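Me: I have a model open and would like to learn how to read the packing around a helix, a sheet and a core. Can we go through them in turn?

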Amino acid sequence: MDKLTTSNKALEFILNNSQNYGTEEVPFSHSLGRVLKENIVADRDFPPFNRVSMDGIAIQFSEFENGKRTFKVEGIQPAGSKPHSMQNHENCIEVMTGAVLPKNTDVVIPYEQVSIVDGIATIEIKELRFFQNIHEQGKDKKEGDLIIPQNKVISSAEIGVLATVGKWTVKVAKQPKVMIVSTGDELVEVNETPADYQIRRSNVHTLVSILKKYYIDADSAHIADDKNALKEKIENFLNDYDVLLFSGAVSKGKFDFIPEILEELRVEKLFHKVAQRPGKPFWFGHKIIGSSRNNRNDKIVFAFPGNPISTFVSCLKYFVPWYQKSMKLDFENRTFALLGEDVIFKPSLTYFLQVKLEKRNGDLVAVPIRGNGSGDLAILVEADAFIELPNDRVEFKKDEVFPIIEYR
Ligand SMILES: Nc1nc2c(c(=O)[nH]1)N[C@H]1C(S)=C(S)[C@@H](COP(=O)(O)OP(=O)(O)OC[C@H]3O[C@@H](n4cnc5c(N)ncnc54)[C@H](O)[C@@H]3O)O[C@H]1N2
Ligand code: MOO
């Protein structure tokens, strides 16, 4: 009997092999989803000037306090033009949202509360607050303030800030170069019509799409179950890529060549076979290239079992946190849910059970969805996540809390 590595231990091996792929500059407009590798500070105050925040008129507050209600319109201050200076403190200036507050004014009254006839504005409300409807210079951030700390994933929110501070290009973590390989003579292309004994290959597309969520543009290939062809191609892939993801050919079959080929190519096995269902035959290893810690460029190989659910859950459970740690992101922030019904699972394996997530009275509840094993990929469409039930128990009770791995 082969010795199984526990799921926790497997994850530990994998995380200990996280890498650093360095940084690169990319146009900010192409930085969505990338991991920021510089601190972004305010290049000027936010807002950079006293910004008018309502269309209307600007006056001197003291005039209003002294009982004045009618003001001669002295000029117009549109957005995007240099600030006017009001010449006569008894006058007003028409101001537009986004404009600089004219000098010698300190309060803005919106058009809705003013009537303007023949160049004379009359204020129709009884009360005003000093500096009202003015977004004060530097109120949000001061020049030099840290706005986005490094190691943050760039979302649409950060894109807007990058644009505002004039970061035309931005320093981000380099993505690993990833090759995703499927094997198997029973597999045909998606646009082909399979013979009765064949199926279309789906796993590579699933893996590519998981990586796309992390803005990794992986390459993919399919190799037939021919040992020499496999070995030659894998050798090339090890030269050209940082990370290889395999799907299939890692269990006991006569054509399950991947583990032996990898070892022949001096990829060191760190474990083979994990105490989990699905995904038991999972193989993981690395090839150390370079000598000192600083110039090392290890090749990392995840060889997932071929059954579609095994490949899917293993990629989510192991590759994703490996990637997050390599990018220096928080990879431990897990989501938990209440188990929706009692479950009995006897094998001493970590059980990744498909679940549908529901909100009940504010709680997240994971309702098991029973499929027909790790080949039943259609069931994934009905579920939203896997709930992770530990290997040291047999009975799991409704309303107990366990970690989940969401995939939607
Ligand atoms: N004697 C044993 N047999 C098996 C064991 C075992 O321990 N001893 N483990 C079983 C388990 S568990 C799994 S999971 C599978 C994994 O086997 P492989 O990784 O070698 O995968 P294959 O045999 O190549 O394929 C399994 C299954 O998945 C289909 N497949 C493969 N690749 C794709 C793809 N790209 N797209 C869609 N479907 C794919 C393939 O056609 C097979 O049906 O082994 C058990 N057997
Ligand atoms: O563990 Mo294999 O992954 O189910 O079918």
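Me: What covers the buried residues of H4?
Reply: This is a predicted model. The cover over the buried residues of H4 includes strands E13, E16 (219-223), E17 and E21, together with helix H7.

Me: Which residues of H4 are buried?
Reply: Asn203, Val204, Leu207, Val208, Ile210 and Leu211 are the buried ones.

Me: Where around the axis of H4 do they lie?
Reply: Start with the general idea. An α-helix has 3.6 residues a turn, so residues three or four places apart point the same way. Here the buried residues of H4 span an arc of only 160° around the axis, and therefore they sit on the same side of the helix.

Me: How do I read the sheet, and in what order do its strands come?
Reply: Follow the pairing from one strand to the next. Six strands make an open sheet with mixed pairing, in the order E16-E13-E17-E21-E20-E18. The edge strands are E16 and E18; each has a single partner strand, so one side of each has no neighbour in the sheet. From one strand to the next, the twist averages 20°.

Me: How many bridges join E13 to E16?
Reply: There are 5 bridges, and the two strands run parallel. As a residue to look for, Ser182 has His222 of E16 as its bridge partner.

Me: Which strands do H4 and H5 lie across?
Reply: H4 lies across E13, E16, E17 and E21, at about 160° to E13. Helix H5 (residues 227-240) also lies across E13, E16, E17 and E21, and runs at about 165° to E16.

Me: Now the core. What is the general idea?
Reply: In soluble globular proteins, nonpolar side chains tend to be buried together. In this model the largest nonpolar core has 46 residues, and Leu211, Phe302 and Phe319 have the most contacts inside it. Elements that each supply at least two residues of this core include helix H1 (7-16), strand E13 (178-183), helix H4 (203-212), strand E21 (299-304) and helix H7 (308-326). H7 gives the largest share, 10 residues. At least three residues of the core come from each of domain 1 (7-21 + 175-326) and domain 4 (335-406).

Me: Which residues is Phe319 in contact with, leaving aside its neighbours within four places in sequence?
Reply: Phe319 touches Leu211, Ile216, Val243, Leu245, Phe302, Phe304 and Ser314. Apart from the core of 46 residues lies another core, of 22 residues, among them Leu238, Ile258, Leu265 and Trp283.

Key:
Residues are numbered from 1 along each chain as its sequence is written. Chains are lettered from A and ligands numbered from 1 in the order in which they are written. This is a predicted model: local features need pLDDT of at least 70, side-chain atom pairs count only at pLDDT 80 or more; totals for chains, interfaces and linings use all residues. Side-chain values use heavy atoms; hydrogens and water are left out. A nonpolar core is a set of buried Ala, Val, Leu, Ile, Met, Phe, Trp, Tyr and Cys residues joined through side-chain atoms within 4.5 Å. Buried means under 20% relative accessible area, exposed over 50%, partly exposed in between (1.4 Å probe, protein chains only). Helices (H or I, at least four residues) and strands (E, at least two) are DSSP runs, numbered from the N terminus. Domain bounds come from an automatic or database domain assignment. Contact means heavy atoms within 4.5 Å. The arc is that of the directions from the helix axis to the C-beta atoms. Two strands pair if DSSP finds at least two bridges between them. Axes are lines fitted to C-alpha atoms, for helices over the stretch in contact, and angles run from 0 to 180 degrees between N-to-C directions.
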